[in-house]
Amino acid sequence: PSVSITVERQISAARRAELGEVSWAPWQCDADAGTWPWTYADAETVYLLEGEVLVTPERGGETVRLQAGDLATFPPGECIVWEVNGE
């Protein structure tokens, strides 16, 4: 079965507050470009502060383009391939 990534586009400040986003630990990609897999033991929710990435479930599923302001949730136990183009 394919893996589904849940995406909310351009979430509002009220939605970020509801989720408690201000208390989330930030993560920054220092690479200009690259592709890497990342496996999430638990469900993981990310909020993109800036830039753009492509995320693809390794076991099959739709590639999703995330842009600044988007919120995405990855299912537990799944490997998601991140692609940063550096532009």
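## Close-up views of a predicted model

**View 1. Strand β7 pairs with β2 and β4.** In β7, Cys79 is the bridge partner of Thr39. This view, like the others, comes from a predicted model. The strands β2 and β7 run antiparallel and are joined by 7 bridges. Strand β2 covers residues 34-40. On β4 (52-57), look for Leu54, which stands opposite Glu83 in β7. The pairing of β4 with β7 is also antiparallel, and it spans 4 bridges. In general, strands of a sheet pair through backbone hydrogen bonds, either parallel or antiparallel. Strand β7 is mostly covered, with 5 of its 7 residues buried.

**View 2. Three strands make an open sheet.** The order is β1-β6-β3, and the pairing is antiparallel. Which strands stand at the edges of this sheet? They are β1 (6-8) and β3 (44-47). Each has a single partner strand, so one side of each is left without a neighbour in the sheet. Neighbouring strands here are turned by 15 degrees against each other on average, direction ignored. Now follow β1 along β6 (residues 71-74): the two pair over 3 bridges, in the antiparallel sense. One residue to find is Val7, whose bridge partner in β6 is Ala72.

**View 3. The largest nonpolar core holds 13 residues.** Among those with the most contacts inside this core are Ile5, Val53, Leu66 and Ile80. Four elements give two or more residues to the core: β4, β5 (64-67), β6 and β7 (78-84). Strand β7 gives the most, with 3 residues. Zoom in on Ile80. Leaving aside neighbours within four places in sequence, Ile80 is in contact with Ile5, Val55 and Phe74, among others. The list of its contacts also includes Trp36, Pro37, Trp38 and Tyr40.

**View 4. Tyr40, Phe74 and Trp82 form one aromatic cluster.** How many aromatic pairs does a search of the whole structure find? The search finds 3. In general, a pair of aromatic rings is described by the distance of the centres and the angle of the planes. Tyr40 and Phe74 are stacked, at 5.2 Å centre to centre and with 20 degrees between the planes. This pair links distant parts of the chain: Tyr40 lies in β2 and Phe74 in β6, 34 residues apart. Phe74 also pairs with Trp82, this time edge-to-face. Their centres are 5.8 Å apart, and the angle between the planes is 75 degrees. Is Tyr40 buried or exposed? Tyr40 is buried, with a relative accessible area of 8%. Phe74 counts as buried too, at 0% relative accessibility. Trp82, like Phe74, is buried.

**View 5. Asp70 sits buried in a loop.** The loop lies between β5 and β6. The relative accessible area of Asp70 is 2%, under the 20% cut-off, so this residue counts as buried. What does the side chain of Asp70 reach? One polar contact is with the side chain of Arg9, at 2.6 Å. The Asp70 side chain also reaches the backbone nitrogen of Gln10, at 3.0 Å. Leaving aside neighbours within four places in sequence, Asp70 is in contact with Glu8, Arg9 and Gln10, and also with Val46, Tyr47, Leu48 and Arg65.

How values were computed: Residues are numbered from 1 along each chain as its sequence is written. This is a predicted model: local features need pLDDT of at least 70, side-chain atom pairs count only at pLDDT 80 or more; totals for chains, interfaces and linings use all residues. Side-chain values use heavy atoms; hydrogens and water are left out. Two strands pair if DSSP finds at least two bridges between them. Axes are lines fitted to C-alpha atoms, for helices over the stretch in contact, and angles run from 0 to 180 degrees between N-to-C directions. A nonpolar core is a set of buried Ala, Val, Leu, Ile, Met, Phe, Trp, Tyr and Cys residues joined through side-chain atoms within 4.5 Å. Buried means under 20% relative accessible area, exposed over 50%, partly exposed in between (1.4 Å probe, protein chains only). Contact means heavy atoms within 4.5 Å. A polar contact is a pair of N or O atoms within 3.5 Å; within protein, one must be able to donate a hydrogen and the other to accept it, and residues adjacent in sequence count only if both atoms are side-chain atoms. Rings of Phe, Tyr and Trp (its six-membered ring) pair if their centres lie within 6.5 Å; planes under 30 degrees apart count as stacked, over 60 as edge-to-face and the rest as tilted.
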